[in-house]
Amino acid sequence: EMVDAYGPLEMFSIYRDVFEIKTFGPSYDAVRASGGPCTQPDAKFEDTDRIDILLVPGGCGVDAVVEKSDWLDWVSQRAGEAIWVTSVCTGALILARAGVLHERAATTNKNEFDKVVKEAGDSSIKWRRKARWVVDGNVLTSSGVSAGVDMSLDLIERILGADAANEAARLSEYVRNPDPDDDPFAKENT
């Protein structure tokens, strides 16, 4: 999903002097979003240095990725080295299958919640249906699509302070939801 990836990246890009944004893939082949546009990876998996913030977006392509051990191994390794690990929407399924969410609290897209929980295959994960995003240690998971923007603003606040997060929202003309438990979409899908 385009907003899964580019919503959070837009927030981080406001502080280009702090965050260097790169996309990664198994090759330099462009990846087509479900909405149509392509993203060209900046680097291949094997050319990756340490990543401080790992963002795993979700969407239609997740079902194919969770069957690829090279992808899951890469996510597991990079998550183990990262300072922060994040997912948006069904990207939580990739984190779960890579072992990153073992014994952690997490959330995911409300429309795919039951499917993700079932396919995660790890009963130690403490799934939270009613949460816009969840923070467990250095791992942040967000629910559907636009919740990733709020999660990324929370992470910006943790790194740069509340003023920076609020300024990113203001410059983007985005109405920030600073409360991870204020999840109006969970009410519709419980």
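This is a short dialogue on reading helix packing and pockets in a predicted model.

Me: How should I describe two helices that pack together, and what are the values for α1 and α6?

Reply: Two packed helices are described by the angle between their axes and the distance between those axes. In this predicted model, helix α1 (residues 2–13) packs against helix α6 (residues 147–160) at an angle of about 30°, and their axes lie 8 Å apart. Because angles under 35 degrees count as roughly parallel, α1 is roughly parallel to α6, and the crossing of α1 with α6 is right-handed.

Me: Which residues of α1 and α6 meet?

Reply: From α1 come Gly7, Pro8, Met11 and Phe12, which meet Gly148, Val149, Ser152, Leu153, Leu155 and Ile156 of α6. By class, the residues of this contact are seven nonpolar and three polar, with no charged ones.

Me: How is empty space found, and what lines the largest pocket?

Reply: Rolling a probe the size of a water molecule over the atoms shows where empty space is left. Here the largest pocket holds about 1,500 Å³ of space, and among its 49 lining residues, Lys22, Thr23, Phe24, Leu55 and Pro57 lie nearest its centre. Helix α1 gives the most to this lining, with five residues, and the lining as a whole has 33 nonpolar, seven polar and nine charged residues.

Me: What is the volume of the second largest pocket, and which helices each supply at least two residues of its lining?

Reply: The second largest pocket has a volume of about 180 Å³, and of the 13 residues lining it, Gly59, Cys60, Thr90, Glu112 and Lys115 are the closest to its centre. Helices α2 and α5 each supply at least two residues of that lining, which divides into six nonpolar, three polar and four charged residues.

Note on methods. Residues are numbered from 1 along each chain as its sequence is written. This is a predicted model: local features need pLDDT of at least 70, side-chain atom pairs count only at pLDDT 80 or more; totals for chains, interfaces and linings use all residues. Side-chain values use heavy atoms; hydrogens and water are left out. Axes are lines fitted to C-alpha atoms, for helices over the stretch in contact, and angles run from 0 to 180 degrees between N-to-C directions. Helices (H or I, at least four residues) and strands (E, at least two) are DSSP runs, numbered from the N terminus. Angles under 35 degrees count as roughly parallel, over 145 as roughly antiparallel, 65 to 115 as roughly perpendicular and the rest as oblique. A crossing is left-handed if the near helix is turned anticlockwise from the far one by less than a right angle, and right-handed if clockwise. Contact means heavy atoms within 4.5 Å. Ala, Val, Leu, Ile, Met, Phe, Trp, Tyr, Cys and Pro count as nonpolar, Asp, Glu, Lys and Arg as charged, and the others, Gly among them, as polar. On a 1 Å grid over the protein atoms alone, a cavity is a set of points where a 1.4 Å probe fits but cannot get out, and a pocket is an open set with protein on both sides within 12 Å along at least five of seven lines; lining residues have an atom within 4 Å of a point. Grid points are joined across faces, edges and corners, and a volume is the space filled by probe spheres set on the points.
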